[in-house]
Amino acid sequence: MSTRICSKADRSAYFARREAAKILRCVLQGDANRKAVASIKSLVYSPSVRNKKATYALVCQTLKYLPLIKDLLSASNVLNSKWKKQEELMYMIAYDILFGQDIVLQGDAEKFLLLRKNALQTALARLLVREKVKSVDNLLKKYSQAPDVSKPRYVRVNSLKLDIESAIQELGKVNMVTKDDMVPDLLVLPSGTDLHDHPLVMNGSVFLQGKASCMVAVALSPEPGWEVLDACSAPGNKTVHLAALMKGKGKVIACEISDERVKCLEDTVRRSGASNIKVVHGDFLSINPKDPAFAKVRAILLDPSCSGSGTATKRLDHLLPSRHATDVNDNERLEKLAAFQRKALEHALSFPSVERVVYSTCSIHQIENEDVVKSVLPLATMLNFQLVAPFPQWERRGHPVFEGAENLLRTDMAEDMEGFFIALLVRKTTADYIETHISDNEETSTDNGYANSFPRKVKIKPSLSSSRCKLLGRRPVPLPFLRMRRMLKFSSLCQYRSNKKCART
């Protein structure tokens, strides 16, 4: 390619167009296959992209006016077979020629379209007449479908590298900064604040992460020293948040099946400075819960693949060609996603030592949220799990489609500028189990208490949850009742599997 770069700005624009074209191709191919690799932001802010700000702006603006650009290129009939193979790059250049900055003869692609600028402008003039608008600005407004979203900039302070007061002091030099009233280590900055090139972001001292996304790891609340499994972890923001909540102690097992997304995950882990994260390149569903390597997992964060409908505005999904897909196709896709999500949640509950499971999506659809939780509740109950309300002070709860749905958490597209869903399942302690199933009809007197039915001089071996019983102000439960509980649980589980098998046949 013969390339003549005239200035630093021209050079930057030249490379930004090519980086943007690669990202746009990835986005459009993923949309055509209904299987996006990542959001536009995730792709743009990967380490390989140099001019992130210019690349992101160019991708967004081109995608916003893509139908218009396609109409003009088609009407002008300027693309030959050679350049049609690089149509994403031609979209970028056509946008700059007609609506963006002035460009010079930098590369062969720019030179090709600049020599045909008159044909493009003639097609634009005809389109103005056809659409009955008087100016290019009015035409752009007619084609633009981006909603007006004014959302605060949320910044999560990585406590493994920086304390929150230092972050406030540094970020407050040029911005107004406040602490979030609900999520620890989360700061709120004015809408539109651009921090992508800020040193604290670049070195992993802070992460640009939405409030709802931060609420997921906090809902799980793993304790320092635990082993935690992040089932579908890339790009890794929630993974490193878990490590920070655990103060770098214990272990976070980050599982990711995609080759490309593993690279992104590893980069996020590296920037965070977390030393207690082990990346596992593989399918979460292929993990054997009985494998000794996972025998000590006490908490699982399950944020599986979903429709992404709750972050569609942020991802610009509403601008993708698939927005014209039929409802039948959408329903089929949602049903397939929900089937996978149910299977993944059932798998998470099957780990023998797990005490807490968080299931979350960035979807607004009931089929991916309440319906998934409702479908696994019989199994969860048999395994002694119960729904617990994360962030009880949060007003927006689950859709009332089953008893207990008030324990689910939702964020709203209009109120919170994104739609997330969080379900927290906690395995009852042995003391809770005895209290629920045995002590309902007991008086406050200890005469009929099961612990008191043993001779006082006999030393009773406490359960593994005795430390939790002390925190709750309850007595440890004797070992015989643990065995009874296991027998009851095993019998119920066998019955559940038998019923499920019969239903399939």
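Start by selecting S221, just after helix 12: this residue takes a positive phi of about 50°. Keep in mind as you click around that the model is predicted. Now extend the selection back to helix 12 itself, residues 211-220, where 10 of the 10 residues are buried. They run from K211, A212, S213, C214 and M215 to V216, A217, V218, A219 and L220.

**Colour by confidence**

Before going further, switch the colouring to pLDDT. The protein has a mean of 82, and 76% of its residues reach 70 or more. Two stretches deserve a careful eye. Over residues 1-5 the pLDDT stays under 50, and the model has 15 contacts beyond four places in sequence for them. Residues 324-328 are also below 50, with 1 contact in the model beyond near neighbours in sequence.

**Helix 9 and its two sides**

Next, select helix 9, residues 136-143, and show its side chains. Which of its residues are buried? Look for L139, L140 and Y143. These three lie on the same side of the helix because they cover an arc of only 100° around the axis. Turn to the other side and you will find D137 and K141, both exposed. To see what the buried residues of helix 9 pack against, add helix 3 (52-64), helix 4 (66-76) and helix 8 (117-131).

**Into the largest core**

L139 is a good stepping stone to the next stop. The largest nonpolar core has 46 residues, and L139 is among those that touch the most other members, along with L68, L72, L73, L79, F99 and L113. Elements giving two or more residues to this core include helix 1 (8-32), helix 2 (40-44) and helix 7 (108-114). Which helix gives the most? That is helix 6, with 9 residues.

Now centre the view on L113. Apart from residues up to four places away in sequence, L113 touches V78, L79, M90, I93, A94, I97 and L120. A second, separate core has 39 residues, and you can pick out M182, I277, L301 and L424 as some of its members.

**Strand 10 and its partner**

L424 leads on to a pair of strands. Select strand 10 (residues 385-388) together with strand 12 (residues 421-427): they pair in the antiparallel sense over 4 bridges. Within that pairing, L424 in strand 12 is the bridge partner of V388. Strand 10 has a covered face, made of F385 and L387, and an uncovered one, made of Q386 and V388. In a regular strand, side chains alternate between the two faces of the sheet.

**The loop after strand 10**

Follow the chain to R396, in the loop between strand 10 and strand 11 (409-410). With a relative accessible area of 25%, R396 is partly exposed. Try a distance label here: the C-alpha atoms of R396 and L409 are separated by 6.3 Å, although the two residues are 13 apart along the chain. Beyond its neighbours within four places in sequence, R396 is in contact with L408, L409, R410, D412, E415 and D416.

**Last stop: C362**

Finally, select C362, which an unreviewed UniProt entry annotates as "active site". Look for C362 in the loop between strand 9 (356-361) and helix 17 (370-382). Is this cysteine buried or exposed? C362 has 17% relative accessibility, so it counts as buried. Setting aside neighbours within four places in sequence, display its contacts: C306, G308, S309, G310, T311, G419 and F420.

Conventions
Residues numbered from 1 in each chain as written. Predicted model: local features only at pLDDT ≥ 70, side-chain atom pairs only at ≥ 80, totals over all residues. Heavy atoms only, no water. Buried < 20%, exposed > 50% of the residue type's maximum accessible area, 1.4 Å probe, protein only. Arc of directions from axis to C-beta. Contact = heavy atoms within 4.5 Å. UniProt positions renumbered as here; feature names shortened; annotations may be inferred. Core = buried A, V, L, I, M, F, W, Y, C linked by side-chain atoms within 4.5 Å. Pairing = 2+ DSSP bridges. pLDDT = per-residue confidence, 0-100.
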